[in-house]
Amino acid sequence: MSQELSIEKTIRVRFHECDPLQIVWHGNYLKYFEEARESFGLEHGISYEHVKINGYATPVVQSSCEHKLPLKYGDECVVKAIFENTRTAKMIFRYEIYLAEKLVCTGKTVQVFTDMDSNLILVNPTFYSEWKEKMGLRDE
């Protein structure tokens with residue numbers, strides 16, 4: 001890959017995301033990943049709307065999350081979404097969540113391309129290949 005494409009999104013932990021001990025419920029970390037991934041798409045020109053306009057969807061088929069430290073109500077954290085280039089017809093993102101520069105959580109998601117009838121697409125759609133070329137990403 002010729003360059004790393006990423007985005008950082010600041011998120012303040014909201015009350016409804018916490019358990020009775022005011023610690024973020026584990027499932028909400030995937031929502032934080034989604035918020036960062038959506039911001040990535042908007043900033044780098046590969047938003048969900050862009051994918052849809054081109055006749056595709058990108059469902060998540062794999063996700064992982066490794067917790068290192070807890071987040072609590074009111075914490076302001078930074079979620080970093082990092083695009084991982086691949087030759088295959090997939091969108092892979094790695095995530096890092098930081099609280100005051102301490103690594104709180106890491107994760108990964110894998111999305112595949114389907115047509116609007118949910119049929120799996122095994123080759124990179126033209127618009128995606130063009131986007132990767134425009135972003136300076138090379139298939140190695």
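Glu96 is a good place to start: this residue sits in strand S5, which covers residues 90-99. The model is predicted, and in it Glu96 is buried yet has no salt bridge. From there, the tour goes to the strands around S5, the nonpolar core, two buried residues elsewhere, and a few backbone oddities.

**Glu96 and its surroundings**

- What is the nearest side chain of opposite charge to Glu96, and how far away is it? That's Arg94, at 4.3 Å. A salt bridge needs a side-chain nitrogen of Lys or Arg within 4 Å of a carboxyl oxygen, so this pair doesn't make the cut.
- Glu96 does have a polar partner, though: its side chain and that of Tyr98 are joined by a polar contact of 2.9 Å.
- Setting aside residues up to four places away in sequence, Glu96 touches Val78, Val79, Lys80, Ile82, Leu103 and Cys105.

**How the strands pair**

- S5 and S6 run antiparallel, with 10 bridges between them.
- Within that pairing, Ile97 of the chain faces Cys105 in S6 as its opposite number.
- On the other pairing of S6, strand S3 (residues 60-67) is joined to it by 7 bridges, and these two strands run antiparallel as well.
- One position to look up there is Ser63, whose bridge partner in S6 is Thr109.
- As a general reminder, side chains in a regular strand alternate between the two faces of the sheet.

**The nonpolar core**

- How many residues does the largest nonpolar core have? The count is 32, and the residues with the most contacts inside this core are Tyr32, Leu71, Phe83, Ile97 and Trp131.
- Two or more residues each come from strand S1 (5-12), helix H1 (28-44), strand S4 (76-84), S5, strand S6 (102-112) and helix H3 (126-134).
- H1 gives the largest share, with 5 residues.
- Ile97 turns up twice in this briefing: it's among the core residues with the most contacts, and it stands opposite Cys105 in S6.

**Two buried residues away from the sheet pairings**

- Asn28 lies in helix H1. Its relative accessible area is just 5%, which is why it counts as buried.
- The side chain of Asn28 has a polar atom 2.8 Å from the backbone oxygen of Glu17.
- Ile46 is in the loop between H1 and helix H2 (48-53). Buried or exposed? Buried, because its relative accessible area is 5%.
- Beyond its neighbours within four places in sequence, Ile46 is in contact with Phe40, Gly41, Val51, Met91, Phe127, Tyr128 and Trp131. Trp131 is also one of the residues with the most contacts inside the core.
- If you want a sense of scale, Ile46 and Arg94 are 48 residues apart in sequence and 16 Å apart in space, C-alpha to C-alpha.

**Positive phi outside glycine**

- The hairpin of S5 and S6 has 2 residues between the strands, and Ala100 there takes a positive phi near 50°.
- Glu101, in the loop between S5 and S6, also has a positive phi, near 70°. This residue is exposed, because its relative accessible area is 75%.
- Where does Gln22 lie? Look in the loop between S1 and H1. Gln22 isn't a glycine, but its phi is positive at about 65°.
- With a relative accessible area of 40%, Gln22 counts as partly exposed.

Methods:
Residues are numbered from 1 along each chain as its sequence is written. This is a predicted model: local features need pLDDT of at least 70, side-chain atom pairs count only at pLDDT 80 or more; totals for chains, interfaces and linings use all residues. Side-chain values use heavy atoms; hydrogens and water are left out. Helices (H or I, at least four residues) and strands (E, at least two) are DSSP runs, numbered from the N terminus. Buried means under 20% relative accessible area, exposed over 50%, partly exposed in between (1.4 Å probe, protein chains only). Lys and Arg count as positive and Asp and Glu as negative; His and the chain ends are not counted. A polar contact is a pair of N or O atoms within 3.5 Å; within protein, one must be able to donate a hydrogen and the other to accept it, and residues adjacent in sequence count only if both atoms are side-chain atoms. Contact means heavy atoms within 4.5 Å. A nonpolar core is a set of buried Ala, Val, Leu, Ile, Met, Phe, Trp, Tyr and Cys residues joined through side-chain atoms within 4.5 Å. Two strands pair if DSSP finds at least two bridges between them.
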